[in-house]
Amino acid sequence: MEPRQLTKIERHLVQWLLENGTHPDAAKFRHEADTVEVRSRCDCGCASINFIDDIAGGMQVLSDYGWTAQSGNQCGIFVFAQDNKLAGLEVWSVDGEADVVELPEPSVLTPLKAAR
């Protein structure tokens with residue numbers, strides 16, 4: 001995959017997640033959302049995207065939210081940093097029953113309380 005700019009929808013969602021972060025340091029990464037590029041996508045086909053080439057341990061979850069998809073499945077989304085750089089946007093199925101292939105609108109998100 002060639003590096004690419006975030007789509008308008010991706011950029012809006014990342015900015016919203018950082019502005020409404022569940023981690024005290026989330027807002028300090030806000031400026032990176034304007035220039036970050038998508039470097040890779042998840043191999044499973046979900047809507048997760050990475051902004052750096054090598055995602056390894058030591059992730060810092062900056063904003064952790066959930067929503068109920070139109071299918072009724074519970075889904076989660078978080079934006080994270082690694083090595084003090086904005087590193088990616090991850091979506092996942094809370095109940096393991098859905099393939100999360102579309103990004104949610106910020107208006108449907110509620111904070112997740114699960115510890116990471």
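**Figure 1. The order of helix and strands along the protein chain.** Read along the sequence of this predicted model, the protein chain follows the pattern β-α-β-β-β-β-β-β-β. The secondary structure thus comprises one helix and eight strands. Along its principal axes, the C-alpha trace spans about 35 × 35 × 30 Å. A compact globule with 116 residues would have a radius of gyration near 13 Å, and the protein chain agrees with this expectation because its own value is 13 Å.

**Figure 2. Burial, contacts and charges in the protein chain.** Of the 116 residues in the protein chain, 41% are buried. Among contacts between residues at least 6 apart in sequence, 59% join residues at least 24 apart. The protein chain exposes about 6,600 Å², and carbon and sulfur atoms supply 48% of this area. The chain carries 10 positive and 18 negative charges, and the mean positions of these two groups are 6 Å apart.

**Figure 3. Helix α1 and its buried residues.** Helix α1 covers residues 8-19, twelve residues in total. At 1.5 Å a residue, the helix should span 16 Å; its end C-alpha atoms are 16 Å apart, so the model agrees with the expected length. Which residues of α1 are buried? They are E10, R11, L13, V14, Q15, W16, L17 and L18. In general, an α-helix has 3.6 residues a turn, so residues three or four places apart point the same way.

**Figure 4. L13 and its contacts.** L13 lies in helix α1. This residue counts as buried because its relative accessibility is 1%, where buried means under 20%. Leaving aside residues up to four places away in sequence, L13 touches I77, L89, L103, P104, P106 and L109. One of these partners, L103, is 90 residues from L13 in sequence. In space, the C-alpha atoms of L13 and L103 are 8.2 Å apart.

**Figure 5. T35 in the loop between α1 and β2.** T35 lies in the loop that runs between helix α1 and strand β2, the latter formed by residues 37-38. Is T35 buried or exposed? T35 counts as exposed because its relative accessibility is 60%, where exposed means over 50%. The C-alpha atoms of T35 and L6 are separated by 8.6 Å, while the two residues are 29 residues apart along the chain.

**Figure 6. F78 in strand β6.** F78 lies in strand β6. With a relative accessibility of 7%, F78 counts as buried. How far apart in space are F78 and S63, C-alpha to C-alpha? The distance is 5.3 Å, although F78 and S63 are 15 residues apart in sequence.

**Figure 7. F80 and its contacts.** F80 also has its place in strand β6. At 1% relative accessibility, F80 counts as buried. Not counting residues up to four places away in sequence, F80 touches N50, I55, M59, Q60, V61, L62, K85, L86, A87, G88, L89 and E90. The C-alpha atoms of F80 and D54 are separated by 13 Å, and these two residues are 26 residues apart along the chain.

**Figure 8. Q82 in strand β6.** Strand β6 covers residues 74-82, and Q82 belongs to it. Q82 counts as buried because its relative accessibility is 5%. Which residues does Q82 touch, not counting residues up to four places away in sequence? They are I52, D54, I55, A56, G57, G58 and A87.

**Figure 9. D83 and N84 in the loop between β6 and β7.** D83 is found in the loop between strand β6 and strand β7, the latter formed by residues 85-93. N84 is found in the loop between β6 and β7 as well. D83 has a positive phi of about 50° although it is not a glycine. N84 likewise has a positive phi, of about 65°, and is not a glycine. D83 is exposed, with a relative accessible area of 69%. N84 is exposed too, its relative accessible area being 52%.

Technical notes. Residues are numbered from 1 along each chain as its sequence is written. This is a predicted model: local features need pLDDT of at least 70, side-chain atom pairs count only at pLDDT 80 or more; totals for chains, interfaces and linings use all residues. Side-chain values use heavy atoms; hydrogens and water are left out. Helices (H or I, at least four residues) and strands (E, at least two) are DSSP runs, numbered from the N terminus. The radius of gyration is taken over C-alpha atoms; the globule rule is 2.2 Å times the number of residues to the power 0.38. Buried means under 20% relative accessible area, exposed over 50%, partly exposed in between (1.4 Å probe, protein chains only). Contact means heavy atoms within 4.5 Å. Accessible areas come from the Shrake-Rupley method with a 1.4 Å probe; for residues, only the protein chains shown count as cover. Lys and Arg count as positive and Asp and Glu as negative; His and the chain ends are not counted. The place of a charge is taken as NZ of Lys, CZ of Arg, CG of Asp or CD of Glu. The expected span of a helix is 1.5 Å times one less than its number of residues.
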